[in-house]
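Open the structure in a viewer and keep the selection tool at hand. The stops below are meant to be taken in order.

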Amino acid sequence: MTRALLTRAGLLLAGTVTTILATAAPALAHGADAPNGTDYRAEVTAVTPARPELRVRLVEAGARLELTNTGSEPVEVIGYSGEAYLRVGPDGVFENTRSPATYLNRTIAGDTVLPAEVDPAAAPQWRRVDGGTTARWHDQRALWRESGPPAQVRAAPDREHRVRDWVVPLRAADGPMEIRGTLDWVPPPDAYTWWVAVTLGALAVGAAGLLPAASAPGRRALAGLGGLLVAGGLAAVVLTVGRVLDAGAEGVGGVLAGLLTGPVWGLLTGLGAVAAGGWALTRRAGVDFVVALAGACLALFAGVTNAAAFTRAVPPVPWPATAARVLVVLVVVAGAGALAAAALRLHATGRTPAPTGGSGPSTPLSSADYSPTGVRLNG
């Protein structure tokens, strides 16, 4: 009995750690143009002169500038060589194909090869790229593009630092305008603390799988796993909606469109975990495999896309960074813990011997099984 319990505890530890490592590793390899977080906080401080029909903000954790012009006259964004780069107005969004910024701003790295037609000194050649009144672009003036941090950050990495004040020039029909902003370094969080919380939480949840599934405590543990999966699934949905909002979506229609065209796997994973948790709350037989599958998907698909919040100061959500990290902890603990607990329950069920006797066929008895007086000697 003790050996079997130790074996199951070892499976719990191995499965939990494996799931957490699988969740953590891919989070460090996110694409630069779909940032999972950053240590540089960019902010728009003013648009001068201010106009009610012109709105500017930063989206995607500060990776892109967004300009909306609802006025009757277009506004031009000026590129890096003083040339017209974008034109935003009532007739749509246009880009100047002769502006270097048109190509350099397609990625954060700014490493797009410039075509031969680029000439910032030439007259603009406009190409319509969108029928709306909003433009979004990477702007190198509002980003830190060097591979290493600034000198003041290297000298004191545990403090916030103003990296620079930045300006993006605009041009309207009645004269020049400016978007002004700031770029600050923000010290990243202590990732070790958050991963310790995740590991301990997942182990505690996974330990529920050590309870015999057929016992009353085992049935209550299954209901508890169901409730935790529901909570983790809802947290995954909230994080997914937060990423869509941070990407610039507005209104119910905008959020729904962003969910369907953006991080759809995070949404589906969260909803699947809610459904699986609801099923587990009914304590139906055979639900352990569903719980294990939902837990694995929750930890991998929702955890991978959000675990960078443990290592980045500015996660891509429109609320405080600590709240985002707490939600990520809940997602990974619920997913990895439910997977470990359900796997242990399935392992124990597979090792339980089938009942014998009763209605099964009997073995024929020979004459050696009886005494000379007809009294049965065996059985």
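This tour of a predicted model goes from a sheet to its aromatic rings and then to an arginine.

**The sheet**

Select strands β2, β3 and β8, which make up an open sheet of 3 strands in the order β2-β3-β8, with antiparallel pairing. β2 (54-59) and β8 are the edge strands, and each of them pairs on one side only. From one strand to the next, the twist averages 15 degrees. Strands of a sheet pair through backbone hydrogen bonds, either parallel or antiparallel.

Now look at the two seams. β2 and β3 are joined by 6 bridges, and here L58 stands opposite L65 in β3. On the other seam, 4 bridges join β3 (residues 64-69) to β8. There, L67 has A135 in β8 as its bridge partner.

Stay on β8 (residues 134-137) and show its side chains, which alternate along the strand. Which of them are buried? A135 and W137 are, and they point to one face. T134 and R136 point to the other face and are not buried.

**The aromatic pairs**

Next, show the rings of Phe, Tyr and Trp; there are 6 aromatic pairs within the cut-off of 6.5 Å between centres. Select Y40 and W185. Their ring centres are 5.5 Å apart and their planes stand at 70 degrees; angles over 60 count as edge-to-face, so this pair is edge-to-face. Y40 belongs to strand β1 (residues 40-48) and W185 to strand β10 (residues 175-185), so the pair ties together parts that are 145 residues apart in sequence. Both Y40 and W185 are buried.

Move on to W194 and F310. The ring centres of W194 and F310 lie 6.0 Å apart with the planes at 5 degrees; angles under 30 degrees count as stacked, so this pair is stacked. W194 is in helix α4 (residues 191-206), while F310 is in the loop between α8 (288-304) and α9 (321-351), so this pair ties together parts 116 residues apart in sequence. F310 is buried, with a relative accessible area of 0%.

Go back to Y40 and W185 and add W144 to the selection: Y40, W144 and W185 form one aromatic cluster.

**An arginine over two rings**

Last, select R87 together with F94 and W126. How far is R87 from the ring centre of F94? R87 lies over the face of F94, at 4.4 Å from the ring centre. R87 also lies over the face of W126, here at 5.0 Å from the ring centre.

Definitions and conventions:
Residues are numbered from 1 along each chain as its sequence is written. This is a predicted model: local features need pLDDT of at least 70, side-chain atom pairs count only at pLDDT 80 or more; totals for chains, interfaces and linings use all residues. Side-chain values use heavy atoms; hydrogens and water are left out. Buried means under 20% relative accessible area, exposed over 50%, partly exposed in between (1.4 Å probe, protein chains only). Helices (H or I, at least four residues) and strands (E, at least two) are DSSP runs, numbered from the N terminus. Two strands pair if DSSP finds at least two bridges between them. Axes are lines fitted to C-alpha atoms, for helices over the stretch in contact, and angles run from 0 to 180 degrees between N-to-C directions. A charge sits over a ring if NZ of Lys or CZ of Arg is within 6 Å of the ring centre and within 35 degrees of the ring normal.
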